[in-house]
Amino acid sequence: MELIFQNAWLVPLFPFLASILLGLGLFFFPNSIKKFRRSSIHRYLWSWVLYKNLVLEIGYLLDPLTSIMLVLVTTVAVMVMIYSDSYMFYDEGYIKFFCYLSLFTASMLGLVLSPNLIQVYIFWELVGMCSYLLIGFWFTRPSAANACQKAFVTNRIGDFGLLLGILGFYWITGSFDFQQLSKRFFELLSYNQINLVFATFCALFLFLGPIAKSAQFPLHIWLPDAMEGPTPISALIHAATMVAAGIFLIARMFPLFQMLPFVMSIISWTGAITALLGATIALAQKDLKKGLAYSTMSQLGYMMLALGIGSYKAGLFHLITHAYSKALLFLGSGSVIHSMEPIVGYHPNKSQNMIFMGGLRQYMPITAITFLFGTLSLCGIPPFACFWSKDEILVNSWLHFPILGSIAFFTAGLTAFYMFRIYFLTFEGDFRGHFFDDVKKLSSISIWGSLEFNKEQSKLDKKLILYPKEANNVMLFPLIFLTIPTIFIGFIGVLFDENTINVDSLSYWLTLSINSFNYSNSEKFLEFLFNAIPSVSIAFFGILIAFLFIWS
């Protein structure tokens with residue numbers, strides 16, 4: 001172990017040397033990379049299994065969709081690792097935690113680089129295994145042990161369906177490769193050589209995998225219990241790894257799903273029901289992390305809804321904007337929990353209970369402002385990131401089918417309500433942490449909270465010593481860093497100057513992927529803002545209702 005510590009400097013040295021060599025190579029030999037710039041799709045395969053007519057290949061596929069996911073996973077994962085260094089510093093499983101965390105990130109990166117369904121399935125299972133290990137990291141606590149088993153068993157149901165779907169499509173097309181799969185399916189469908197009922201069942205079985213992995217109804221039950229793991233893991237699971245895997249797989253196989261209208265309808269309605277269900281359950285949560293967990297479930301429903309109605313770009317756009325906003329919120333909640341534990345105790349029922357919080361903005365100003373930015377983004381308030389993506393989903397769902405649009409708009413109002421309820425209960429009003437063992441005082445607080453607490457508190461405050469305090473700089477750095485994409489990442493999907501180019505940056509980038517569709521139907525900037533008036537109005541109405549409930 002001492003040898004590892006002595007040579008730890010090699011970890012940053014090799015990436016640094018690689019960047020220097022690449023930079024010098026590009027500077028002195030600029031013509032050497034011309035052949036790589038001709039195409040935005042790069043794929044390398046080599047044979048893995050050769051048996052008669054069966055050929056299984058492994059390798060990697062790099063296209064714009066993969067590139068987007070690689071940037072998303074690595075940036076969030078690096079911030080989580082920096083944050084975890086301080087958050088888990090005194091935990092006896094510190095080294096084991098980072099082993100699991102690194103394997104978790106590597107598994108997700110392997111999944112998004114996979115060129116075929118077999119390789120996806122291997123990394124899909126690795127992601128599930130890592131989530132089991134990390135959710136149950138504190139397995140000596142019975143609730144954590146039960147939570148990881150619940151997540152594991154629930155995901156096995158989805159994974160079995162995914163396996164059946166993969167084998168079914170191989171039976172139909174004779175290929176596991178993404179490009180060949182869609183191409184052959186389209187050719188067979190054109191010549192009416194496919195049993196549509198069988199193909200639909202295969203697609204629905206395959207969809208079971210994303211239903212479980214992305215916590216869609218009815219296999220959403222594992223997600224809230226996953227909060228038993230360390231908070232940095234909650235941030236990674238809910239932002240860029242496990243739950244994003246299901247959305248990614250639907251996006252990767254989007255050309256195939258689009259040829260089956262019934263399946264697309266099932267995807268859209270599953271997303272709509274999940275979005276509404278997650279938002280309604282989040283309304284009355286007392287646990288800070290569980291409130292954010294149900295929020296994730298609801299936002300994943302939005303992404304699935306967008307993909308189901310054919311709005312490919314909007315679904316991926318919301319995946320990007322939500323990832324940074326939700327990572328910021330979860331790491332902010334970890335900072336709050338970290339500061340509450342010395343005061344109310346280390347059990348989640350106390351340190352994560354918003355009834356014991358309140359008034360934290362005066363003690364933790366940086367955490368409060370970054371958490372507020374994440375909250376505003378998730379509520380869809382301009383110019384924060386989620387506003388641009390969520391509004392596109394709302395408009396597209398309304399144009400596709402007004403009932404779906406109505407559900408989406410209503411859920412947007414609920415989102416604004418429950419997110420600001422969380423913010424007000426946690427950061428505004430008076431600090432209630434010193435009454436965690438006073439049953440009489442706490443019983444007077446409803447699930448909506450009460451920021452105007454008993455006047456006796458002001459007298460007691462002068463005698464009290466322990467108060468929450470701001471996290472250290474190591475934990476604050478990821479919060480401040482994630483604030484930047486939370487504010488600005490949404491502009492990649494906005495068309496500002498329609499005179500020079502008729503498509504926004506994200507749409508243009510996605511047209512270069514293997515899912516070759518025409519996405520160049522971007523709205524003009526002023527037209528987009530005009531169409532956003534209803535959604536922003538609903539969000540402000542939800543914030544107003546939350547304000548009135550909390551301060552009444």
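Let me start with a word I'll use a lot: buried means under 20% relative accessible area, exposed means over 50%, and partly exposed is in between, with a 1.4 Å probe and protein chains only. By that rule Cys379 is buried, at a relative accessible area of 2%.

Before going on, a note on the model. It is a predicted one, where local features need pLDDT of at least 70 and side-chain atom pairs count only at pLDDT 80 or more, while totals for chains, interfaces and linings use all residues. Residues are numbered from 1 along each chain as its sequence is written, and side-chain values use heavy atoms, with hydrogens and water left out.

Back to the cysteines. How many disulfides does the structure hold? It holds 0, where a disulfide is a pair of cysteine sulfur atoms within 2.5 Å. For Cys379, the closest cysteine sulfur is in Cys386, 9.5 Å away, so it is too far for a bond. Cys99, by the way, is partly exposed at 47% relative accessibility.

Now to the helices. When I say helix, I mean a DSSP run of H or I with at least four residues; strands are E runs of at least two, and both are numbered from the N terminus. Helix H15 covers residues 312-344, and Leu329 sits in it. Is Leu329 buried or exposed? Leu329 is buried, at 0% relative accessibility. Contact here means heavy atoms within 4.5 Å. Setting aside neighbours within four places in sequence, Leu329 is in contact with Leu292, Phe371, Gly374, Thr375, Leu378 and Met419. Leu329 and Leu482 are 153 residues apart in sequence, yet their C-alpha atoms are 9.5 Å apart in space.

His318 is in H15 too, and His318 is buried at 0%. Not counting residues up to four places away in sequence, His318 touches several residues, among them Tyr302, Cys386 and Lys390.

Next, who packs against H15? Helix H10, residues 231-239, has an axis that comes within 8 Å of the H15 axis, and the two cross at roughly 165°. Axes are lines fitted to C-alpha atoms, for helices over the stretch in contact, and angles run from 0 to 180 degrees between N-to-C directions. Under 35 degrees counts as roughly parallel, over 145 as roughly antiparallel, 65 to 115 as roughly perpendicular, and the rest as oblique. H10 and H15 are therefore roughly antiparallel. Residues meeting across this contact include His238 in H10 and Phe330 in H15.

A second pair is H18, residues 385-400, and H19, residues 402-427, which pack at about 150° with axes 5 Å apart. That makes H18 roughly antiparallel to H19. On the H18 side, the contact includes Leu394 and Trp398; on the H19 side, Phe409 and Ala412 are among the residues met.

Last, some backbone details. Phe217 and Pro218 are joined by a cis peptide bond, with omega about 5°, and Pro218 lies in the loop between helix H8 and helix H9. Ala215 is in the loop between H8 and H9 as well; Ala215 has a positive phi of about 55° although it is not a glycine, and Ala215 is buried at 0%. Pro382 and Pro383 also share a cis peptide bond, omega about 5°, with Pro383 in the loop between helix H17 and H18. Asn192, in the loop between helix H7 and H8, has a positive phi near 55°, and Asn192 is exposed at 68%.
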